[in-house]
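User: Here is a model I want to go through with you. Take me through it in short questions and answers.

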Amino acid sequence: MKKRMIIVTALIMGTLGAGCVSVQASDTLPELTKDNALEQMMKAGETDSLVSNHKSYEATCEYILQNTKVYDYEDSEVMYVDMYGTTQMLYKEGELKYGKEGDEYLSCLYIDEADGNADDLISFYTDETIEEEVTDMKEDGDMIIIQTKVPEELTQSALNSQGDGESYTEGDWISMEYVVASDDYRPLKHTQILNHKDGTSEEASKMEFSYGVDRPKDVADLCEKYEEAEKAEKAEGDVRNVTVTAAPGTEQEKDYAITVPADNHVWIMLHDDNSYYIMYTDKECKELYEPEEDVKEDTHLYAEIESYEEAEDEV
């Protein structure tokens, strides 16, 4: 793995413009209007707010144009992300701790000093939502439906953020439909529509939420495996040590190590999104490291950390 895995689970675009339509909410929340709906939606959609008010939540996002799905679950102790049904990731205290790819369990070893935090990884709304224009807002039972239009000039960047840039053609524009609960404005459903200049349209992505759910089996299983890996650091017997020497031969040289169950792989990761690493098996950094097949023995690796900006300057 040459560089840190960058995880984006749900880039759903959307926000609201100014207006005078209003929808009455509970006594403890301000009345929802076109002037304040963006602020209230985003505040209600913060993960800390969702967990503290509802014990837990789960969200399933389907990227229809890519034919992929991402599943998120969070409660007061853990956050779990299932990427595309192939990679599972477990966060505790805001940091990625453990994972699974296929049948392989993976412990996480960070090789720099920066803080790693999951707060920005789960995003139901993005900064670009401020650019949207509300086209309609209405009550439907215990729900509020808010419809918006994304400016045409932001459509391509919105699709690029989801890996769907190839779906863009000139003249396309995105509309959004947000369904939120009328009592606290928590998200219930987001739907993104890609509209074409010939009058046709298609769903680009959709996201649905549930609250107060028990931990699914996959989440519980990964938590159990993580606890086993944590105990391995203090155990004797069927364990192995993985050591990484970062920036070997420089003033910044430093060793990082982790003890894991002998059948566990190790994710070696950087917190810094502005850098990447290249892994070697020798201190001189001549022999490139290939992903290991044998995960029974101790391993010592060497990491050269490179800046993306420096790499671009060299091109």
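User: In β18, which residue is the bridge partner of V244?
Analyst: This is a predicted model, in which local features need pLDDT of at least 70, side-chain atom pairs count only at pLDDT 80 or more, and totals for chains, interfaces and linings use all residues. Residues are numbered from 1 along each chain as its sequence is written, and side-chain values use heavy atoms, leaving out hydrogens and water. Strand β14 (residues 239–246) runs parallel to strand β18 (residues 299–307), with 5 bridges between them; strands are DSSP runs of E, at least two residues, and helices are runs of H or I, at least four, numbered from the N terminus. Two strands pair if DSSP finds at least two bridges between them, and in β18 the partner of V244 is L301.

User: In what sense do strand β17 and β18 pair, and which residue in β18 stands opposite Y277?
Analyst: Strand β17 covers residues 275–280. Its pairing with β18 is antiparallel, over 6 bridges. Opposite Y277 in β18 stands I305.

User: How many residues has the core that lies apart from the largest nonpolar core?
Analyst: A nonpolar core is a set of buried Ala, Val, Leu, Ile, Met, Phe, Trp, Tyr and Cys residues joined through side-chain atoms within 4.5 Å. Buried means under 20% relative accessible area, exposed over 50%, and partly exposed in between, with a 1.4 Å probe and protein chains only. The largest such core has 42 residues, and L96, F124 and I146 have the most contacts inside it. Apart from it lies another core, with I258, M279, L301 and A303 among its members, and its size is 15 residues.

User: Is V260 buried or exposed?
Analyst: V260 sits in strand β15 (residues 254–261). Beyond its neighbours within four places in sequence, V260 contacts S107, A232, V239, R240 and V266, where contact means heavy atoms within 4.5 Å. Its relative accessibility is 1%, so V260 is buried.

User: What separates the C-alpha atoms of V260 and N241?
Analyst: Along the chain, V260 and N241 are 19 residues apart. In space, their C-alpha atoms are separated by 6.5 Å.

User: Does the span of helix α4 agree or disagree with the expected value, and what is the distance between its end C-alpha atoms?
Analyst: The expected span is 1.5 Å times one less than the number of residues. Helix α4 (residues 217–232) has 16 residues, so it should span 22 Å. That agrees with the model, where the end C-alpha atoms are 23 Å apart.

User: Which residues of α4 are buried?
Analyst: An α-helix has 3.6 residues a turn, so residues three or four places apart point the same way. In α4, the buried residues are V219, L222, C223, Y226, A229 and A232.

User: Which strands stand at the edges of the open sheet of 12 strands?
Analyst: The order is β9-β10-β11-β12-β13-β3-β4-β5-β6-β7-β8-β16, with mixed pairing. Two strands have a single partner strand each, so one side of each is left without a neighbour in the sheet: β9 (133–140) and β16 (265–269).

User: Which residue in β10 stands opposite V134?
Analyst: β9 and strand β10 (residues 143–150) run antiparallel, joined by 7 bridges. In β10, the residue opposite V134 is T148.

User: How many of the 6 residues of strand β6 are buried?
Analyst: Strand β6 (residues 87–92) is joined to strand β5 (residues 78–83) by 6 antiparallel bridges. Another 6 antiparallel bridges join β6 to strand β7 (residues 95–101). β6 is largely enclosed by the rest of the structure, because its buried residues number 5.

User: Which residue has a positive phi in the turn between β5 and β6, and which in the hairpin of β6 and β7?
Analyst: The hairpin of β5 and β6 has 3 residues between the strands, and Y84 there has a phi of about 65°. The hairpin of β6 and β7 has 2 residues between the strands, and the phi near 55° belongs to E93.

User: Where is T191, and is T191 buried or exposed?
Analyst: T191 lies in strand β12 (residues 187–195). Not counting residues up to four places away in sequence, T191 touches S175, M176, E177, E203, S205 and K206. With a relative accessible area of 7%, T191 is buried.
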